[in-house]
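Please open the structure in a viewer and keep a selection tool at hand. The tour below proceeds stop by stop, stating what to select and what is found there.

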Amino acid sequence: MAEKTTRPKAAKKTEVKKKPASRAKPHVRTEFLLVQVASDAELVPHPRRKKAYTLTLRGLQPTVFFSNRPVRKAGHQSTKDFVANWAKGPNNFADDPPNAELVIFNPGKVPTAVTLVLSDPQWDPDRPNKLSYTGTFLGKGPRPSGIAWGSAALFIDDPSIEDEELMM
C-alpha cells in the first residue's frame with residue numbers, strides 16, 4: 001500500500017487592507033473675470049456723493065464670466081442673478097467692492113477707458129436691460145469731463161466666489 005503523504009498546510013496570508021485613495025479633489029480657488037456689454041452707457045457726476053459718478057448701462061446683455069487657468073470655466077448669468085449675488089458669500093462685492101475697467105465706444109473716436117470701483121448696483125425688474133452703479137475713480141488715470149456715453153464694455157475683477165456659488 002502506498003504511503004499517504006501530507007503536505008504541510010500553507011501559512012495563512014495576512015491581508016493588509018489598503019486605505020482607499022481619497023477621491024476628494026483638492027480645493028482650487030477659481031478666479032473669474034466678468035464682462036457686461038451694453039448698447040448705451042453714460043457716466044455722469046453722482047447727484048449726492050462728491051467724487052463719485054453714476055454709471056448707467058442700457059441695452060445690457062447677460063453678464064459673461066470666464067476663469068483663469070487651470071480651471072477654464074465660462075458661462076453667463078442674467079442681470080437679475082448678478083445683482084442678487086452681489087452680497088452673497090464670503091468676500092462678496094458688497095463687503096469688498098470690485099474694481100472695473102469701463103471702455104466706452106463712440107463711433108469715429110478712440111475708445112475711452114476709465115478704472116472704477118463699483119458699488120450700489122441698481123436694477124429694476126421692469127427694466128431688465130438697465131443697470132446702474134455708483135463708481136469712484138481708481139488711480140490717476142483719465143477722468144471724463146462731464147457726460148460720457150456710447151456703447152460700452154465693463155470688465156469686472158474677480159468676485160472671489162467659489163465655483164458652486166456662481167449662478168449659471
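**The whole chain**

Among contacts in the protein between residues at least 6 apart in sequence, 62% join residues at least 24 apart. The model is a predicted one. Its mean pLDDT is 82, and 73% of the residues of the protein reach 70 or more.

Display the chain as a cartoon to begin. One helix and eight strands make up its elements, and from the N terminus on their order is β-β-β-β-α-β-β-β-β. Colouring by confidence shows the lowest mean in E8, at 89, and the highest in E7, at 96. Of the 168 residues, 32% count as buried. A surface view presents an accessible surface of about 11,900 Å², and 54% of that surface belongs to carbon and sulfur atoms.

**First stop: the nonpolar core**

Select Leu55, Leu102, Leu118, Tyr133, Leu154 and Ile156, the residues with the most contacts inside the largest nonpolar core, which has 25 residues. Which elements give two or more residues to this core? They are E1, E2, strand E5 (99-105), strand E6 (112-124), E7 and strand E8 (148-156). The largest share, five residues, is that of E1.

Within this selection, centre the view on leucine 118. Setting aside residues up to four places away in sequence, leucine 118 touches Leu55, Trp86, Pro97, Pro98, Ala100, Tyr133, Thr134, Leu154 and Ile156.

**Second stop: the aromatic rings**

Next, show the aromatic side chains. How many aromatic pairs does a search of the whole structure find? The search finds six. One of them is formed by tyrosine 53 and phenylalanine 137: the ring centres are 4.8 Å apart and the planes stand at 80°, so the pair is edge-to-face. Because tyrosine 53 lies in strand E2 (residues 52-60) and phenylalanine 137 in strand E7 (residues 127-137), the pair ties together parts that are 84 residues apart in sequence. Tyrosine 53 is buried, with a relative accessible area of 14%, and for phenylalanine 137, also buried, the value is 14%.

Move the selection to phenylalanine 82 and tryptophan 86. The centres of these two rings are 5.8 Å apart with planes at 70°, so this pair too is edge-to-face. Both phenylalanine 82 and tryptophan 86 are buried. Add Phe93 and Tyr133 to the selection to see a cluster: ring pairs link Phe82, Trp86, Phe93 and Tyr133. Tyr133 was already selected at the core stop, as one of the residues with the most contacts there, and Trp86 is among the residues that leucine 118 touches.

**Third stop: serine 132**

Select serine 132, which is placed in strand E7. Is serine 132 buried or exposed? Its relative accessibility is 12%, so serine 132 counts as buried, the limit being under 20%. Then add threonine 54. Although the two positions lie 78 residues apart along the chain, the C-alpha atoms of serine 132 and threonine 54 are separated by 6.8 Å.

Now display the surroundings of serine 132. Apart from residues up to four places away in sequence, serine 132 touches Leu55, Thr56, Asp120, Pro121 and Gln122. With threonine 56 there is a polar contact of 3.1 Å between the side chains.

**Fourth stop: histidine 46**

Select histidine 46, found in the loop between strand E1 (32-45) and E2. Histidine 46 is buried, at a relative accessible area of 14%. Its side chain reaches the backbone nitrogen of arginine 48 at 3.0 Å. The backbone nitrogen of arginine 49 lies 3.1 Å from a polar atom of the same side chain of histidine 46.

Leaving out residues up to four places away in sequence, histidine 46 touches Ala52, Tyr53, Thr54 and Thr134. Of these, Tyr53 belongs to the ring pair with phenylalanine 137 seen at the second stop.

**Last stop: threonine 79**

Finally, select threonine 79 in helix H1 (residues 79-84). At 7% relative accessibility, this residue counts as buried. Which residues are in contact with threonine 79, leaving aside its neighbours within four places in sequence? They are Leu60, Gln61, Trp123, Pro128 and Leu131.

Key. Residues numbered from 1 in each chain as written. Heavy atoms only, no water. Phe/Tyr/Trp six-rings, centres within 6.5 Å; stacked < 30°, edge-to-face > 60°. Helix = DSSP H or I, 4+ residues; strand = E, 2+ residues; numbered from the N terminus. Buried < 20%, exposed > 50% of the residue type's maximum accessible area, 1.4 Å probe, protein only. Contact = heavy atoms within 4.5 Å. Polar contact = N/O pair within 3.5 Å; in protein donor to acceptor, adjacent residues only side chain to side chain. Areas by Shrake-Rupley, 256 points an atom, 1.4 Å probe, with all protein chains shown as cover. Core = buried A, V, L, I, M, F, W, Y, C linked by side-chain atoms within 4.5 Å. pLDDT = per-residue confidence, 0-100.
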